[in-house]
Amino acid sequence: MSSAPEHAPTPAPPHWLVDVLWACAITAIALGLRLLPWGQLKDPSGGLWLFGDDPPYHLRRALLAYHGWPSVPSVDPAVNYPHGAKLIWPPGLAWLLAGLTKLASPAAADVEQTMEQIAAVLPPVVGALTSAL
């Protein structure tokens with residue numbers, strides 16, 4: 001008499017792997033939701049619409065950081081013109097934008113357009129990554 005071989009139960013995946021998979025799924029969903037309005041940001045000339053007063057200035061500061069890499073200016077002569085003013089914002093965003101633009105456009109061709117596109121995608125990506133925390 002032969003009996004069918006008994007199979008050991010399949011072990012469950014480790015808990016940390018399940019947690020990582022959930023975090024990845026939540027991050028992907030968050031990124032997808034944050035990028036939904038992407039089509040509304042494009043203008044007919046190929047640029048991007050910037051809403052509010054802060055985005056153009058942060059792009060300006062990142063552009064200054066790009067040209068003076070790796071330093072980010074802490075004083076801008078265009079603020080409180082003609083005397084200039086010390087900037088109150090930390091340099092992280094400008095430095096990150098300038099660095100990513102250097103990587104994406106090392107030949108300095110279309111620097112402003114490349115930086116605009118990176119700046120439009122960066123907040124949704126950072127926001128999605130924070131949802132995994």
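# Reading aromatic pairs

Q: This is a predicted model, so where do I start? Does tyrosine 57 count as buried or exposed?

A: Go by relative accessibility: under 20% is buried. Tyrosine 57 comes in at 15%, so it counts as buried.

Q: And how do I read aromatic rings as pairs?

A: Two things describe a pair of rings: the distance between their centres and the angle between their planes. Here the count is two aromatic pairs. Tyrosine 57 and tryptophan 89 make a tilted pair, because their planes sit at 40° with the centres 5.4 Å apart.

Q: Which parts of the chain does that tilted pair tie together?

A: Tyrosine 57 belongs to helix α3 (residues 54-67), while tryptophan 89 is in the loop between β2 (85-86) and α4 (92-104), so the pair joins parts 32 residues apart in sequence. Unlike buried tyrosine 57, tryptophan 89 is partly exposed, at 33% relative accessibility.

Q: What about tryptophan 69 and tryptophan 95: what angle lies between their planes?

A: Their planes are 20° apart, with 5.3 Å centre to centre, and the pair is stacked. This pair also links distant parts of the chain: tryptophan 69 is in the loop between α3 and β1 (75-76), tryptophan 95 in helix α4, 26 residues apart.

Q: How exposed are those two tryptophans?

A: Tryptophan 69 is partly exposed at 33% relative accessibility, and tryptophan 95 is partly exposed too, with a relative accessible area of 42%.

Q: Rings can also meet charges, right? What sits over the ring of tyrosine 66?

A: That's the charged end of lysine 102, which lies 4.3 Å from the ring centre of tyrosine 66.

Technical notes
Residues are numbered from 1 along each chain as its sequence is written. This is a predicted model: local features need pLDDT of at least 70, side-chain atom pairs count only at pLDDT 80 or more; totals for chains, interfaces and linings use all residues. Side-chain values use heavy atoms; hydrogens and water are left out. Rings of Phe, Tyr and Trp (its six-membered ring) pair if their centres lie within 6.5 Å; planes under 30 degrees apart count as stacked, over 60 as edge-to-face and the rest as tilted. Helices (H or I, at least four residues) and strands (E, at least two) are DSSP runs, numbered from the N terminus. Buried means under 20% relative accessible area, exposed over 50%, partly exposed in between (1.4 Å probe, protein chains only). A charge sits over a ring if NZ of Lys or CZ of Arg is within 6 Å of the ring centre and within 35 degrees of the ring normal.
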